[in-house]
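Q: Please take a close look at a single helix in this model. Which of its residues are buried and which are exposed?

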Amino acid sequence: MSGWVYMVASAKGGVGKSVFAHNFALALLRETRGRILLVDMDLEYCGDGALALGIDSPRRTMVDLSGLVDSLMPNMLRGLLDSHESGLHFLPAFRRPDEAAVLTPPVIGSCFDLLAKGYDAVVADLSTGFHLGNLSCLDCASRIFFVFDADVLAVAHTVQGLEVLQHY
C-alpha cells in the first residue's frame, strides 16, 4: 500500500508555498502520528527546507536515492533519511545545483514511487513554475496544492499556470 503524495506548487514566487508545505507536513505529523516525509524539490534553489528545519548537512538527497532506488526496500528509507526533532523526516533534492540534471522524469517517478511506499504521506515543496522537473513531480501527485497570493501578478500567473496544467 502506498502513502499519499502531496505536491505544493505555485506559479509565482513569494506567495508562501514553502511555508505552507512545511506547516502542512508538520500538521499531518501532529494529526495522524504517521510516517511523514517533507521533500525539498526546488530544483533551482534547494536548501530552504534544510535551513527551516535546522538540518545543517543532509545525509541523503533525492540524487543519492536515485542511485539506490532499485536496491532499497521501502522500510529501509526511514533509517537513511534525516529526521527533525518533531519526528518529521526530510529529503532535499540535491546538495549542489549541478546535481539536478540527474533528476530526470523517470528518476523522479521512481523515487516518489519508492517514497510513497515507505511513508504514510510525502509532502513535496516544488520550485516555482512549470518546467519539466515540476511537471514530472506533479505527475506523481495524489493531490496538488496550488498556492497563490491575492495580488494581481500572482493571480495572473496562477491563471496561466492552471491553463498549462489543463493542457498537460
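A: Val152, Leu153, Gln166 and His167 are exposed on one side of helix α7. This is a predicted model. On the other side, Ala154, Thr158 and Gly161 are buried. These buried residues cover an arc of only 65° around the axis, so they sit on the same side of α7. Strand β6, residues 143-146, is included in what covers them.

The length of α7 can be checked too. The helix runs over residues 152-167, which makes 16 residues. At 1.5 Å a residue, α7 should span 22 Å. Its end C-alpha atoms are 23 Å apart, which agrees.

Elsewhere in the chain, Ala124 offers a second buried site. Ala124 belongs to strand β5, residues 121-126. Its relative accessible area is 0%, so Ala124 counts as buried. Beyond its neighbours within four places in sequence, Ala124 is in contact with Tyr6, Met7, Val8, Val39, Met41 and Phe112. One of these partners, Phe112, is 12 residues from Ala124 in sequence. The C-alpha atoms of Ala124 and Phe112 are 9.6 Å apart.

Next, the open space. The largest pocket holds about 180 Å³. It is lined by 14 residues, and the closest to its centre are Gly13, Lys17, Ser18, Asp42 and Thr128. By class, the lining has six charged, six polar and two nonpolar residues.

How values were computed:
Residues are numbered from 1 along each chain as its sequence is written. This is a predicted model: local features need pLDDT of at least 70, side-chain atom pairs count only at pLDDT 80 or more; totals for chains, interfaces and linings use all residues. Side-chain values use heavy atoms; hydrogens and water are left out. Helices (H or I, at least four residues) and strands (E, at least two) are DSSP runs, numbered from the N terminus. The expected span of a helix is 1.5 Å times one less than its number of residues. Buried means under 20% relative accessible area, exposed over 50%, partly exposed in between (1.4 Å probe, protein chains only). The arc is that of the directions from the helix axis to the C-beta atoms. Contact means heavy atoms within 4.5 Å. On a 1 Å grid over the protein atoms alone, a cavity is a set of points where a 1.4 Å probe fits but cannot get out, and a pocket is an open set with protein on both sides within 12 Å along at least five of seven lines; lining residues have an atom within 4 Å of a point. Grid points are joined across faces, edges and corners, and a volume is the space filled by probe spheres set on the points. Ala, Val, Leu, Ile, Met, Phe, Trp, Tyr, Cys and Pro count as nonpolar, Asp, Glu, Lys and Arg as charged, and the others, Gly among them, as polar.
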